[in-house]
Each structure stands twice: as structure tokens, then as C-alpha cells.
Amino acid sequence: QVQLVESGGGSVQPGGSLRLSCAASGSILSIGTMDWYRQHPGKQRELVAAINNGGTTNYADSVKSRFTISRDNAKNTVYLQMNSLKPEDTAVYYCHARAIVVGGQYWGDYWGQGTQVTVSS
């Protein structure tokens, strides 16, 4: 199996910055796309940013030019640098990865436990 462990959430004032990290571990044969999602209270989880193993990125319109996703394939880790944070960025942020495990036959979807980001003055 694959475990995803997130870190870096917390509270920040509007205009501030935070950096989220998500490290994948386990019997990993290969990791494909790694993503960050977020979920506002009472709403569905939404895609924030994605990066494939070639480095191609994709962002939600609401975070373009403010957030940057990156990954370190050697460390099986994905990052989300969040700048110019707004109160509407307040949410639980989840890491997601598509991966195949050693001995496995199919790609699976794996999720982290979530980390709270709060933007408030």
C-alpha cells in the first residue's frame, strides 16, 4: 500500500504564505500524477493543482499565479507553495496520488489525511 503524509498547514493572515508538503511511502513501484485538492465546509472536494511525473502542471483558475505545485520524484514528495493567501483559501487540503505498488497490476488512488489551512485576520 501507499501512505501519503501531509504537513505544513496552519493559520496565516491574508496576503501571507504557506507551503504544504506531502510525502508518499510504502511499496511503491511508480507514482503518476500527484495533486492537491481542498474542501470547504459543506462543499465538495475540488482540485487545486496537479503535476504529472514529467512536471506538467495544471491549476484551478482561482489559484493561478498565486499557488505553485512542484514535486521531487527522488523523494516521492509533492509541494504546494501558496502565496497571497485569501480568506476564501481557508479549507482542508488533501494530497492525492495515482500509484502502482510493487507486485500490483493496477494503478490506485491514494489520499492523505488532510491538513487545515486557515486564512484570517
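## Strands, core and disulfide

Strand E7, residues 67-72, has two unlike faces: Phe67, Ile69 and Arg71 make up the covered one, while Thr68, Ser70 and Asp72 make up the uncovered one. The model is a predicted one, and strand E7 is a convenient place to start reading it.

The partner of E7 is strand E8, residues 77-82; the two run antiparallel and are joined by six bridges. Two of the residues already named can be followed across to E8. Ile69, from the covered face, stands opposite Leu80. Ser70, from the uncovered face, has Tyr79 as its bridge partner. Together E7 and E8 form a hairpin, with four residues between the strands. In that turn, Asn76 has a positive phi of about 50°.

The hairpin belongs to a wider arrangement. Strands of a sheet pair through backbone hydrogen bonds, either parallel or antiparallel. Here, an open sheet of four strands has the order E1-E3-E8-E7, and its pairing is antiparallel. E1 and E7 stand at the edges with a single partner strand each, so one side of each has no neighbour in the sheet. On average, neighbouring strands of this sheet are turned by 15° against each other, direction ignored.

Strand E3, residues 18-26, contains Ser21. Is Ser21 buried or exposed? Its relative accessibility is 17%, and because buried means under 20%, Ser21 counts as buried. Leaving out residues up to four places away in sequence, Ser21 touches Val5, Glu6, Ser7, Trp36, Val78 and Tyr79. Tyr79 has appeared before, as the bridge partner of Ser70.

Strand E3 also holds one end of a disulfide. The count for the model comes to one disulfide, and this disulfide joins Cys22 to Cys95 with an S to S distance of 2.1 Å. The torsion about the S-S bond is about -80°, so the disulfide is left-handed. Cys22 lies in E3 and Cys95 in strand E9, residues 91-101, so the pair ties together parts that are 73 residues apart in sequence. Both Cys22 and Cys95 are buried.

From E9 the path leads to strand E11, residues 115-119. E9 and E11 run antiparallel and are joined by three bridges. In E11, Thr115 is the bridge partner of Tyr93. Strand E11 also pairs with strand E2, residues 10-12, through three bridges, but E2 and E11 run parallel. Gly10 stands opposite Val117 in E11. Like E7, strand E11 has a covered and an uncovered face: Thr115, Val117 and Val119 are on the covered face, and Gln116 and Thr118 on the uncovered one.

Which residues of the largest nonpolar core touch the most other members? This core has 31 residues, and the answer is Trp36, Leu80, Met82 and Tyr93. The elements giving two or more residues to the core are E1 (2-7), E3, E4 (28-39), E5 (46-51), E7, E8, E9 and E11. E9 supplies the largest share, six residues.

Several of the core's best-connected members have come up above. Leu80 is the residue opposite Ile69, Trp36 is among the contacts of Ser21, and Tyr93 is the bridge partner of Thr115. Met82, leaving aside its neighbours within four places in sequence, is in contact with Gly16, Ser17, Leu18, Leu20, Arg66, Phe67, Tyr93 and Val117. Of these contacts, Phe67 is on the covered face of E7 and Val117 is on the covered face of E11.

Note on methods. Residues numbered from 1 in each chain as written. Predicted model: local features only at pLDDT ≥ 70, side-chain atom pairs only at ≥ 80, totals over all residues. Heavy atoms only, no water. Buried < 20%, exposed > 50% of the residue type's maximum accessible area, 1.4 Å probe, protein only. Contact = heavy atoms within 4.5 Å. Disulfide = S-S within 2.5 Å. Pairing = 2+ DSSP bridges. Core = buried A, V, L, I, M, F, W, Y, C linked by side-chain atoms within 4.5 Å. Axes fitted to C-alpha atoms, helices over the stretch in contact; angles between N-to-C directions.
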